[in-house]
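This briefing goes with the sequence and structure shown below. Topics are taken in turn: cores, sheet, pocket.

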Amino acid sequence: MAHCVTLVQLSISCDHLIDKDIGSKSDPLCVLLQDVGGGSWAELGRTERVRNCSSPEFSKTLQLEYRFETVQKLRFGIYDIDNKTPELRDDDFLGGAECSLGQIVSSQVLTLPLMLKPGKPAGRGTITVSAQELKDNRVVTMEVEARNLDKKDFLGKSDPFLEFFRQGDGKWHLVYRSEVIKNNLNPTWKRFSVPVQHFCGGNPSTPIQVQCSDYDSDGSHDLIGTFHTSLAQLQAVPAEFECIHPEKQQKKKSYKNSGTIRVKICRVETEYSFLDYVMGGCQINFTVGVDFTGSNGDPSSPDS
């Protein structure tokens with residue numbers, strides 16, 4: 001049945017989450033669990049936490065194997081994370097939803113209402129899950145910097161971060177969100193890697209939108225500028241793009257840009273799995289050493 005097993009990638013977003021924080025919005029995270037039988041659920045993965053957002057779109061995708069002949073029951077839980085502990089029992093539950101992986105795969109995009117408990121909706125909260133089969137084992141690795149970005153903060157410089165969106169189904173889908181670099185108009189972000197299938201659906205010509213924004217802790221991020229490109233254009237390194245703020249461009253005739261974004265590295269590489277190496281004939285040799293010291297006891301004794 002090996003041909004009936006395929007790796008799928010789930011992208012998750014939510015709308016109209018309830019607010020548990022006083023004076024601000026919740027800081028949601030999604031956890032994915034699978035029914036393993038006997039009333040037990042095993043955690044498969046978690047998204048990142050999005051600060052101060054009631055309608056988050058998570059950039060971290062969750063991967064799992066889809067088995068055609070098996071009913072795989074899944075549970076999605078949304079939590080408001082206000083501490084650094086991995087435990088979820090001390091975090092506020094914002095709602096959950098259950099379905100099968102087969103439902104998501106057959107629908108491609110599935111939207112479900114969030115429930116606090118059976119029969120009790122979590123306000124108007126919903127969760128949307130989309131599935132994509134991972135056939136392509138290539139990854140795109142990029143390193144990006146910016147120069148002369150607009151200053152957005154009154155008492156300091158901007159705190160810029162980047163978001164990459166892929167066009168599909170008439171919408172823009174978030175595929176990567178960078179870290180925030182504090183108080184810097186000429187930032188260089190950390191090198192990152194994204195599966196090509198997730199980044200552009202495997203098509204180098206797929207339109208890509210890149211947004212550069214100034215981070216605000218209350219979630220009201222200010223747009224610095226944006227531009228459109230494709231993986232094919234990004235690979236022509238060094239590639240440089242003007243960061244354009246649409247409103248400023250319309251208001252000011254003398255407007256040129258809100259800074260420039262420069263792609264220093266953009267390469268597509270095949271990411272081989274451990275199984276690829278084994279099936280390709282890779283041999284592994286290892287040596288086991290046992291230290292028979294006096295503190296271990298008599299080596300002739302089974303209890304040693």
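**Cores, sheet and pocket**

The largest nonpolar core holds 30 residues, and Met-142, Phe-164, Phe-199 and Ile-261 touch the most other members. Strand β9 gives the largest share of this core, 4 residues. The model is a predicted one.

**Nonpolar cores**

- Leaving aside residues up to four places away in sequence, Phe-164 is in contact with Met-142, Val-144, His-173, Leu-174, Val-175, Tyr-176, Phe-192, Phe-199, Ile-208, Gln-209 and Val-210.
- Two of these contacts of Phe-164, Met-142 and Phe-199, are named with Phe-164 and Ile-261 as the core members that touch the most others.
- Another core, of 27 residues, lies apart from the largest one, and its members include Ile-12, Leu-32, Tyr-66 and Leu-112.

**Four-stranded sheet**

- An open sheet is built from 4 strands in the order β12-β9-β16-β15, and the pairing is antiparallel.
- Its edge strands, each paired on one side only, are β12 (192–195) and β15 (239–242).
- Direction ignored, neighbouring strands of this sheet are turned against each other by 35 degrees on average.
- Within the sheet, β9 (residues 138–147) and β16 (residues 260–270) form an antiparallel pair over 10 bridges.
- In this pair, Arg-138 is found opposite Thr-270 of β16.
- In general, strands of a sheet pair through backbone hydrogen bonds, in a parallel or an antiparallel way.

**Largest pocket**

- The volume of the largest pocket is about 720 Å³.
- Its lining comprises 30 residues, of which Val-109, Ser-130, Ala-131, Arg-166 and His-173 are the closest to the pocket centre.
- Two or more lining residues come from each of β1 (5–15), β8 (120–133), β10 (160–168), β11 (171–177) and α2 (196–200).
- Strand β1 supplies the largest share of the lining, 6 residues.
- His-173, one of the residues closest to the pocket centre, is also a contact of Phe-164.

**Val-109**

- Val-109 belongs to strand β7 (residues 109–117).
- Val-109 counts as partly exposed because its relative accessibility is 42%, and the partly exposed class lies between under 20% for buried and over 50% for exposed.
- Beyond residues up to four places away in sequence, Val-109 touches Ile-104, Thr-128, Val-129 and Ser-130.
- The C-alpha atoms of Val-109 and Ala-131 are 6.7 Å apart in space, while the two residues are 22 residues apart in sequence.
- Val-109, Ser-130 and Ala-131 are all among the residues closest to the pocket centre.

Methods: Residues are numbered from 1 along each chain as its sequence is written. This is a predicted model: local features need pLDDT of at least 70, side-chain atom pairs count only at pLDDT 80 or more; totals for chains, interfaces and linings use all residues. Side-chain values use heavy atoms; hydrogens and water are left out. Two strands pair if DSSP finds at least two bridges between them. Axes are lines fitted to C-alpha atoms, for helices over the stretch in contact, and angles run from 0 to 180 degrees between N-to-C directions. A nonpolar core is a set of buried Ala, Val, Leu, Ile, Met, Phe, Trp, Tyr and Cys residues joined through side-chain atoms within 4.5 Å. Buried means under 20% relative accessible area, exposed over 50%, partly exposed in between (1.4 Å probe, protein chains only). Contact means heavy atoms within 4.5 Å. On a 1 Å grid over the protein atoms alone, a cavity is a set of points where a 1.4 Å probe fits but cannot get out, and a pocket is an open set with protein on both sides within 12 Å along at least five of seven lines; lining residues have an atom within 4 Å of a point. Grid points are joined across faces, edges and corners, and a volume is the space filled by probe spheres set on the points.
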